[in-house]
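I set out to keep a short notebook on one protein chain. The entries below record what I looked up and what I found.

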Amino acid sequence: SGEVRFDVPKSKVKAFLDMLREFFNDSSEFFNEMKLKLKMKKYDIDPHWINLEITETASFEKDEIMLLNIEAFHKMGVSFSLDDYGSGFASVDYLFKLPVEIVKIDKGILWNAMKDGNAKIVLISTLKMLKDLGKKIVVEGVEDEEMVSLLEANGCDYMQGYFYSKPVPPKEYVQFLDKNN
């Protein structure tokens, strides 16, 4: 289907990837606000370019420090995505507790919607609810034109899946940006 184009200067993509490699390789302590600020300054990275994904393995009920750090990053300008929404792990409660701007709907919801009318109702209702809450939406697992059409017709902002590309390692991604920019 559509063409993919990125208007990102290669030097910034490489700097961003270098910053992430250094950030994650320095220690196992991921959520360190000062450390992230220093890395962003070193590589001249605007915090608005960073979107951290909160995965289904994150547990917030007992981790007040994690919530405080997420809020501190959010105040810096870093945005957050909620991954695997609808998989049973990422609950509606997260939409109220966490400052997420993007919600990634689990591929299982889409795949089920393509073969079951009730699941289709759930998908369409979920897309509407998230839009009404002012969230950007990514649907994972998009594999064909029929899926694209359904999602476009129902307000999905972004689609991810093999219909567009297989997962790409960082080095290949930089090469792709260089070639297509």
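The entries proceed from confidence, through the core and the strands, to the salt bridges and single residues.

**Entry 1: Confidence**

I noted at the outset that this is a predicted model. I looked up the confidence for the chain and found an average pLDDT of 80, with 76% of the residues scoring at least 70. I then asked where in the chain confidence is lowest and where it is highest. Helix α1 (residues 10-26) has the lowest confidence, with a mean of 61, and α7 has the highest, at 98. I also recorded that the pLDDT is below 50 over residues 1-8. Beyond near neighbours in sequence, that stretch has twelve contacts in the model.

**Entry 2: The nonpolar core**

I recalled a general point before searching: in soluble globular proteins, nonpolar side chains tend to be buried together. In this model, the largest nonpolar core has 36 residues. Leu-123 and Leu-151 are the residues with the most contacts inside this core. I asked which element gives the most to this core. The element is α7, with four residues.

I next looked up the surroundings of Leu-123. Setting aside residues up to four places away in sequence, I found that Leu-123 touches Ile-105, Ile-109, Leu-110, Ala-113, Leu-150 and Leu-151.

**Entry 3: Strand β1**

I turned to β1 and asked which residues form its covered face and which its uncovered one. Leu-52 and Ile-54 are on the covered face, while Asn-51 and Glu-53 are on the uncovered one. This brought to mind that in a regular strand the side chains alternate between the two faces of the sheet.

I then looked for the partner of this strand. β1 pairs with strand β2 (residues 79-85) in the parallel sense, over four bridges. In this pairing, Glu-53 stands opposite Ser-81 in β2.

**Entry 4: Salt bridges**

I asked how many salt bridges the structure holds. The number is four.

I began with Glu-53 again. Its side chain meets that of Lys-104 in a salt bridge, at 2.8 Å from N to O. The pair links distant parts of the chain, since Glu-53 is in strand β1 (residues 51-54) and Lys-104 is in strand β3 (residues 100-105), 51 residues apart. I checked the exposure of both partners. Glu-53 counts as partly exposed because its relative accessible area is 39%. Lys-104 has 9% relative accessibility and therefore counts as buried.

The next bridge joins the side chains of Asp-132 and Lys-128, at 2.7 Å from N to O. These two are four residues apart in helix α6, so about one helical turn separates them. Asp-132 counts as exposed because its relative accessibility is 57%. Lys-128, at 51%, likewise counts as exposed, since the cut-off for that class is over 50%.

I then recorded the bridge between Asp-157 and Lys-131, whose closest N and O atoms are 2.6 Å apart. This pair also links distant parts of the chain: Asp-157 is in the loop between α7 (145-153) and β5, and Lys-131 is in helix α6, 26 residues apart. Asp-157 is partly exposed, with a relative accessible area of 26%. Lys-131 is partly exposed as well, at 32% relative accessibility. Finally, I noted that salt bridges sharing partners join Glu-53, Lys-104 and Glu-140 into one network.

**Entry 5: Two further residues**

I looked up Thr-126, which lies in helix α6 (residues 117-132). Is Thr-126 buried or exposed? Thr-126 counts as buried because its relative accessibility is 11%. Leaving aside neighbours within four places in sequence, Thr-126 is in contact with Tyr-85 and Ile-105.

I then located Tyr-158 in strand β5 (residues 158-159). Tyr-158 has 44% relative accessibility and so counts as partly exposed. Not counting residues up to four places away in sequence, Tyr-158 touches Lys-136, Ile-137, Val-138 and Val-139. Tyr-158 and Val-139 are 19 residues apart in sequence, and their C-alpha atoms are 6.6 Å apart in space.

**Entry 6: The aromatic pair**

I closed with the aromatic rings and found that the structure holds one aromatic pair. Phe-163 and Tyr-164 form this pair, which is edge-to-face, at 5.1 Å centre to centre and 90° between the planes. Phe-163 counts as partly exposed, at 23% relative accessibility, and Tyr-164 is partly exposed, with a relative accessible area of 34%.

Notes:
Residues are numbered from 1 along each chain as its sequence is written. Side-chain values use heavy atoms; hydrogens and water are left out. Buried means under 20% relative accessible area, exposed over 50%, partly exposed in between (1.4 Å probe, protein chains only). Contact means heavy atoms within 4.5 Å. A nonpolar core is a set of buried Ala, Val, Leu, Ile, Met, Phe, Trp, Tyr and Cys residues joined through side-chain atoms within 4.5 Å. Two strands pair if DSSP finds at least two bridges between them. Rings of Phe, Tyr and Trp (its six-membered ring) pair if their centres lie within 6.5 Å; planes under 30 degrees apart count as stacked, over 60 as edge-to-face and the rest as tilted. pLDDT is the predictor's confidence in each residue, from 0 to 100.
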